[in-house]
Amino acid sequence: MTGTAYLSGFALSAALIVAIGAQNLFVLRQGLRREHVGAIVLFCAAADSILIAAGVAGVGAFLAALPQLTRALSLGGAAFLGWYGVAALRRMAAPGSVDVTGGGTVTLGRALAATAGFTFLNPHVYIDTVLLMGAAGATQPLALRPVFVAGAASASVLWFSALGYGARLLIPLFARPAAWRVLDAVVGATMLTLAASLIARALG
């Protein structure tokens with residue numbers, strides 16, 4: 001039963017985390033730039049693990065009873081994603097390319113602050129980790145819940161490591177300015193779409 005609980009947590013976490021979203025696109029971009037990849041991967045994986053553990057412990061049911069908090073998170077997340085989306089579109093329109101050969105231009109503090117924004121200001125993160133993963137984990141026998149969380153955390157570590165460090169395989173492609181413009185266009189459109197959906201959810 002221990003192996004089943006671990007695999008259950010791993011599979012559900014992997015299914016939820018692989019979807020293209022704001023956080024994944026940010027990790028991919030930082031991986032291409034080779035800026036603070038280890039710290040960002042560690043932050044994302046640790047945040048997922050903590051949120052999943054909190055959900056399994058019962059925090060998900062508490063948050064579900066506070067729609068005002070969900071609305072505030074939605075509006076705050078929309079503002080953050082909208083700002084980042086506009087910044088990406090401005091980069092797309094700017095001449096020149098991004099240097100992917102090293103020499104990071106973003107400080108560790110700013111990189112982690114942006115990572116925290118994409119992680120904690122996105123209500124979808126709480127829906128996936130605290131609510132959905134929490135509900136699934138709560139169905140496990142009490143003794144197996146830590147095993148379920150460990151499986152989910154393993155999937156998170158594996159995914160973010162592959163995304164952050166695997167991005168360097170695409171560096172030859174992104175040596176061309178056109179590739180960065182396409183990526184920034186995708187990032188900008190995705191962020192603005194997510195921002196609009198969060199506003200619609202908060203006001204609806």
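His36 is found in the loop between helix 2 and helix 3, and this briefing on a predicted model starts from that loop before turning to a residue in a helix. Arg34 has its place in the loop between helix 2 (22-33) and helix 3 (37-57) as well, while Asp184 lies in helix 9, which covers residues 177-203.

**The loop between helix 2 and helix 3**

- His36 has a phi near 55°, which is a positive value in a residue other than glycine.
- With a relative accessibility of 28%, His36 counts as partly exposed, because this figure falls between the 20% under which a residue is called buried and the 50% over which it is called exposed.
- Arg34, which is not a glycine, nevertheless has a positive phi of about 55°.
- The relative accessibility of Arg34 is 38%, so this loop residue also counts as partly exposed.

**Asp184 in helix 9**

- Asp184, located in helix 9, has a relative accessible area of 2% and is therefore buried, since buried means under 20%.
- Leaving aside residues up to four places away in sequence, Asp184 touches Arg29, Ala88, Leu89, Arg91 and Met92.
- One of these residues, Arg29, is also joined to Asp184 through a polar contact of 3.2 Å between the two side chains.

Definitions and conventions:
Residues numbered from 1 in each chain as written. Predicted model: local features only at pLDDT ≥ 70, side-chain atom pairs only at ≥ 80, totals over all residues. Heavy atoms only, no water. Helix = DSSP H or I, 4+ residues; strand = E, 2+ residues; numbered from the N terminus. Buried < 20%, exposed > 50% of the residue type's maximum accessible area, 1.4 Å probe, protein only. Polar contact = N/O pair within 3.5 Å; in protein donor to acceptor, adjacent residues only side chain to side chain. Contact = heavy atoms within 4.5 Å.
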